[in-house]
Amino acid sequence: MMNQGYDRDMTTTPEAREFVSLLKSLRAVRQFADRPLPPEAIRDMHDVIRWSGSASNRQEFQVLWVEDRAKLRQLSELKGYARHLAGAAAGAVIVTWMQSDVLNAFDEGRIAERIMLAAHAYGIGSSIGMLSRESRGAAQEILGLSEDRTVRTTISLGYPAEGALRGGRRKPLTELVKRLQV
Ligand SMILES: Cc1cc2nc3c(=O)[nH]c(=O)nc-3n(C[C@H](O)[C@H](O)[C@H](O)COP(=O)(O)O)c2cc1C
């Protein structure tokens, strides 16, 4: 049985701050160093995928973990916004098959964010890369998938190349979060 992680008495404020700081400092990384990922980091990312919540806990998805350079390059050349897969040490390709685009996209978002956060905990950079609808058939072919499998979201992973980390821009908090007065 997995440690449920809800023993809050054991959680100190510094631990909480460190964790929240990890959440806040996640940035997109799209240029990668030519350096392999450590096995323990890969294992943890895979485990995080397993424990990700999903719509009705159905887990109607599979993540294809791609390390083959040729395949990563092929995927990067598809129409979309995933060119950074070409230089990644690994690519996580999320495959879904629920009859609901909304539910699939929600599951994909949760899985993607968790993979990226687990990677970030190890100092590994990442970025989402979306494939255009018209390139999904080609993606199915490259990955040996049947037509009922949807590939839309990929995640490029690797240690950041020098200069890959740029300062992120964000709207002011007051614009994004509004406390409703009772
Ligand atoms: C739903 C979604 C789709 C995204 N699609 C892409 C994409 O196709 N290609 C890409 O390079 N980045 C993609 N991103 C990454 C965003 O561009 C990035 O999160 C945003 O620009 C903030 O970057 P920062 O955290 O480095 O400041 C996507 C992010 C989200 C949440």
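Strand S3 (residues 125-130) and strand S4 (residues 150-158) are antiparallel partners joined by 6 bridges. Helices (H or I, at least four residues) and strands (E, at least two) are DSSP runs, numbered from the N terminus, and two strands pair if DSSP finds at least two bridges between them. One of the bridges between S3 and S4 sets Ser-127 opposite Ser-156.

The model is predicted: local features need pLDDT of at least 70, side-chain atom pairs count only at pLDDT 80 or more, and totals for chains, interfaces and linings use all residues. Residue numbers start from 1 along each chain as its sequence is written.

S4 also pairs with strand S2 (residues 90-96), again antiparallel, through 7 bridges. Within this pairing, Val-95 has Val-151 as its bridge partner, and Val-93 has Thr-154. S2 in turn pairs with strand S1 (residues 61-66), in the antiparallel sense, over 6 bridges. In that pairing Val-63 stands opposite Ile-94.

Burial is counted with C-beta atoms placed from the backbone: a residue is buried if 20 or more other C-beta atoms lie within 10 Å of its own, exposed if 12 or fewer, and partly exposed in between. By this count 9 of the 9 residues of S4 are buried, so S4 is largely enclosed by the rest of the structure. For S2 the count is 7 of the 7 residues, so S2 is likewise largely enclosed by the rest of the structure. Both faces of S2 are covered, with buried Ala-90, Ala-92, Ile-94 and Thr-96 on one side and buried Gly-91, Val-93 and Val-95 on the other.

Ser-127 of the S3–S4 pairing is also one of the residues around the ligand. The others in this shell are Arg-27, Ala-28, Arg-30, Tyr-81, His-84, Ile-128, Gly-129, Met-130 and Gly-168. A residue is near a molecule or strand if its C-beta atom, placed from the backbone, lies within 6 Å of it. The shell divides into 4 nonpolar, 4 polar and 2 charged residues; Ala, Val, Leu, Ile, Met, Phe, Trp, Tyr, Cys and Pro count as nonpolar, Asp, Glu, Lys and Arg as charged, and the others, Gly among them, as polar.

Pro-38 lies in the loop between helix H1 (13-24) and helix H2 (39-51). Pro-38 counts as partly exposed because it has 13 C-beta neighbours inside 10 Å. Its C-alpha atom is separated by 9.1 Å from that of Tyr-122, 84 residues apart along the chain.
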